[in-house]
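Work through the exercises below with the model open in a viewer. Try each task before reading its solution.

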Amino acid sequence: MSPTPARITAVDTHDIRFPTSRELDGSDAMNPDPDYSAAYVVLRTDAADGHEGHGFAFTIGRGNDVQVAAIDALRGHLLGRSVDDLCADPSTLNRDLIGDSQLRWLGPEKGVMHMAIGAVVNAVWDLAAKRAGLPLWRLLAEAEPEWLVRQIDFRYLTDALTPEEALTLLRQGGQGAEERTARLLERGYPAYTTSPGWLGYDDDKLTRLAAQAVADGFRQIKLKVGADLDDDIRRCRVARSVIGPDLRMAVDANQRWDVDEAIRWTKALAEFDPYWIEEPTSPDDILGHAAVRRAVAPVKVATGEHVQNRIVFKQLLQAGALDVVQIDAARVGGVPENLAILLLAAKFGVPVCPHAGGVGLCELVQHLSMFDYVALSGTTEDRVIEYVDHLHDHFLDPVVIREGHYTAPTAPGFSAAMRPESLARYTYPGGEFWAADLDERKKGQSA
Ligand SMILES: [Mg+2]
């Protein structure tokens with residue numbers, strides 16, 4: 001008698017919040033007090049191997065409970081599924097999640113519901129990579145191009161990218177993959193750091209952290225801008241004087257400006273030679289980005305961390321609206337949609353420099369860039385993954401930065417799993433940290 005095939009038996013969700021706002025870590029012109037948070041999901045199975053799939057959506061505090069509820073709404077699509085079938089062809093689940101005819105009304109393919117789908121889909125890919133015994137970047141890089149193309153939803157893309165073109169890009173991109181894998185394992189993937197540049201840091205902290213970034217081997221830093229022009233001019237001058245003329249310095253406005261203001265402000269910072277202006281305006285404003293790009297060249301325009309899906313990325317590329325594509329591992333519909341965006345970027349010849357930081361975004365997105373290098377774009381030239389030195393110690397397989405490079409992960413999976421003790425401590429509102437915090441506040445009020 002053959003054993004009963006393994007099934008998904010549970011979809012556990014957790015509301016995890018870290019009190020980062022108290023140190024102004026992560027502060028920018030639009031988000032002055034983020035509590036970095038994860039709507040975290042664990043897929044459990046009854047397979048003998050005991051592997052679990054871990055994934056999450058990143059939020060910045062209030063609303064993380066809404067994000068968790070959205071993941072909970074997907075549970076029915078997962079429970080009882082065959083683990084073998086799911087890992088052999090995760091696209092079957094994608095179709096069911098994105099195609100849910102009632103939940104689809106809440107998007108389609110955007111916002112809280114789509115991020116929930118991304119969390120669940122990424123958890124499935126984590127599980128698939130663990131079962132294959134490979135880090136995700138390697139599972140992707142070693143997959144048959146035909147299989148990879150089948151994982152991608154080309155709906156609404158074929159005027160810019162067809163499955164046949166994607167297959168050609170992957171077949172060409174895979175040539176020389178072995179050599180690049182060896183180089184990646186030896187040297188890692190280039191990173192840049194945002195740690196010096198948070199808006200809430202004073203000039204002394206900016207100076208100290210910028211000098212540290214240079215000493216640590218980073219070739220690019222990033223500064224938050226957009227709240228006050230005089231402050232930005234002063235901070236850019238400070239940072240440029242510390243890092244010297246040769247390192248790249250990007251600036252990030254986090255959607256603060258209207259189009260004309262974005263152009264004026266970016267030009268006012270031009271003397272400090274910013275490499276790119278990031279999120280100059282609304283992530284939905286494709287023509288606005290194109291206008292900014294035309295006006296501020298040679299400063300590059302970068303965006304993507306809030307771009308809601310592959311269709312908006314397609315239009316940004318078609319409109320010539322950006323110089324740098326910033327994928328985010330936890331914003332869109334998970335691994336397959338990011339594969340589509342990487343392929344679009346490759347087709348249009350635009351470099352991808354992922355958004356990371358937050359909670360676990362570095363851990364996730366490194367896999368996508370490493371796949372891109374080994375099996376698609378074939379280069380790291382003008383490509384860097386954002387790095388922020390926060391919260392990595394809560395992960396079981398945290399990123400390792402060496403001489404300004406991400407070290408290639410070797411543990412099987414998507415590096416998404418958080419430590420059980422961190423989950424217990426930072427669960428909101430009942431975990432040890434938040435329960436004690438609430439007690440303190442109550443005492444403060446009654447005193
Ligand atoms: Mg940003």
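Helices (H or I, at least four residues) and strands (E, at least two) are DSSP runs, numbered from the N terminus. The model is predicted.

**Exercise 1. Cis peptide bonds**

Task: Find where Pro298 sits, and state the geometry of the peptide bond from Ala297 to Pro298. Then treat Gly107 and Pro108 likewise.

Solution.
- Step 1. Pro298 falls in the loop between α13 and β8 (300-303).
- Step 2. The bond from Ala297 to Pro298 is cis. Its omega is near 10°.
- Step 3. Gly107 and Pro108 are also joined by a cis peptide bond, with omega about -5°.
- Step 4. Pro108 belongs to the loop between α4 and α5.

**Exercise 2. Overall dimensions**

Task: Decide how the radius of gyration of the protein chain compares with that of a compact globule. Add the extent of the C-alpha trace.

Solution.
- Step 1. For 447 residues, a compact globule would have a radius of gyration near 22 Å.
- Step 2. The protein chain has 21 Å, so the value agrees.
- Step 3. The C-alpha trace spans about 75 × 65 × 45 Å along its principal axes.
- Step 4. Buried residues account for 52% of the 447 residues.
- Step 5. Take contacts between residues at least 6 apart in sequence: 76% of them join residues at least 24 apart.
- Step 6. The secondary structure amounts to 18 helices and twelve strands.

**Exercise 3. Domains and their contact**

Task: List the assigned domains. Then describe the side of domain 1 that touches domain 2.

Solution.
- Step 1. The assignment gives domain 1 (8-143), domain 2 (177-419) and domain 3 (420-447).
- Step 2. Between the C-alpha centres of domain 1 and domain 2 there are 22 Å.
- Step 3. Domain 1 puts 43 residues into the contact, and domain 2 puts in 47 residues.
- Step 4. On the domain 1 side, at least two residues come from each of β2 (37-45), β3 (53-59), α4 (91-99), α5 and α6 (136-142).
- Step 5. Helix α5 has the largest share, twelve residues.
- Step 6. By class, this side of domain 1 holds 23 nonpolar, 14 polar and six charged residues.

**Exercise 4. The largest nonpolar core**

Task: Which residues touch the most other members of the largest nonpolar core? Which helix gives the most to this core?

Solution.
- Step 1. The core has 140 residues. Val41, Phe56, Ala116, Ala119, Val120 and Val124 touch the most other members.
- Step 2. Helix α5 (residues 111-132) gives the most, with 13 residues.
- Step 3. Domain 1 (8-143) and domain 2 (177-419) each supply at least three residues to this core.
- Step 4. Now zoom in on Val41. Setting aside residues up to four places away in sequence, its contacts include Phe56, Ala119 and Val120. Val11, Ile71 and Ala123 are also among them.
- Step 5. The general background: in soluble globular proteins, nonpolar side chains tend to be buried together.

**Exercise 5. Helix α12 and the loop before it**

Task: Which residues of helix α12 are buried, and what do they pack against? Then classify Gln255 as buried or exposed.

Solution.
- Step 1. In α12 (residues 259-268), the buried residues are Ala262, Ile263, Trp265 and Thr266.
- Step 2. They pack against α11 (229-243), β7 (274-278) and α13 (286-296).
- Step 3. Gln255 lies in the loop between β6 (248-252) and α12.
- Step 4. Gln255 is not a glycine, yet its phi is positive, about 75°.
- Step 5. Gln255 has 22 other C-beta atoms within 10 Å. The cut-off for buried is 20 or more, so Gln255 is buried.

**Exercise 6. Phe395 and Ser415**

Task: Classify Phe395 and locate its contacts. Then do a burial check on Ser415.

Solution.
- Step 1. Phe395 is in the loop between β10 (385-387) and β11 (401-402).
- Step 2. With 19 C-beta neighbours inside 10 Å, Phe395 counts as partly exposed.
- Step 3. Beyond four places in sequence, Phe395 contacts Gly360, Glu363, Ser415, Ala417, Met418 and Arg419.
- Step 4. Met418 is 23 residues from Phe395 along the chain, but their C-alpha atoms are separated by 4.2 Å.
- Step 5. Ser415 sits in the loop between β12 (405-406) and α17 (420-426). Its phi is positive, near 55°.
- Step 6. Ser415 has 25 other C-beta atoms within 10 Å, so it is buried.

Notes:
Residues numbered from 1 in each chain as written. Predicted model: local features only at pLDDT ≥ 70, side-chain atom pairs only at ≥ 80, totals over all residues. Core = buried A, V, L, I, M, F, W, Y, C linked by C-beta atoms within 7 Å. Buried ≥ 20, exposed ≤ 12 C-beta atoms within 10 Å, placed from the backbone. Domains from an automatic or database assignment. Contact = placed C-beta atoms within 7 Å. Nonpolar A, V, L, I, M, F, W, Y, C, P; charged D, E, K, R; others polar. Rg over C-alpha atoms; globule rule 2.2 N^0.38 Å.
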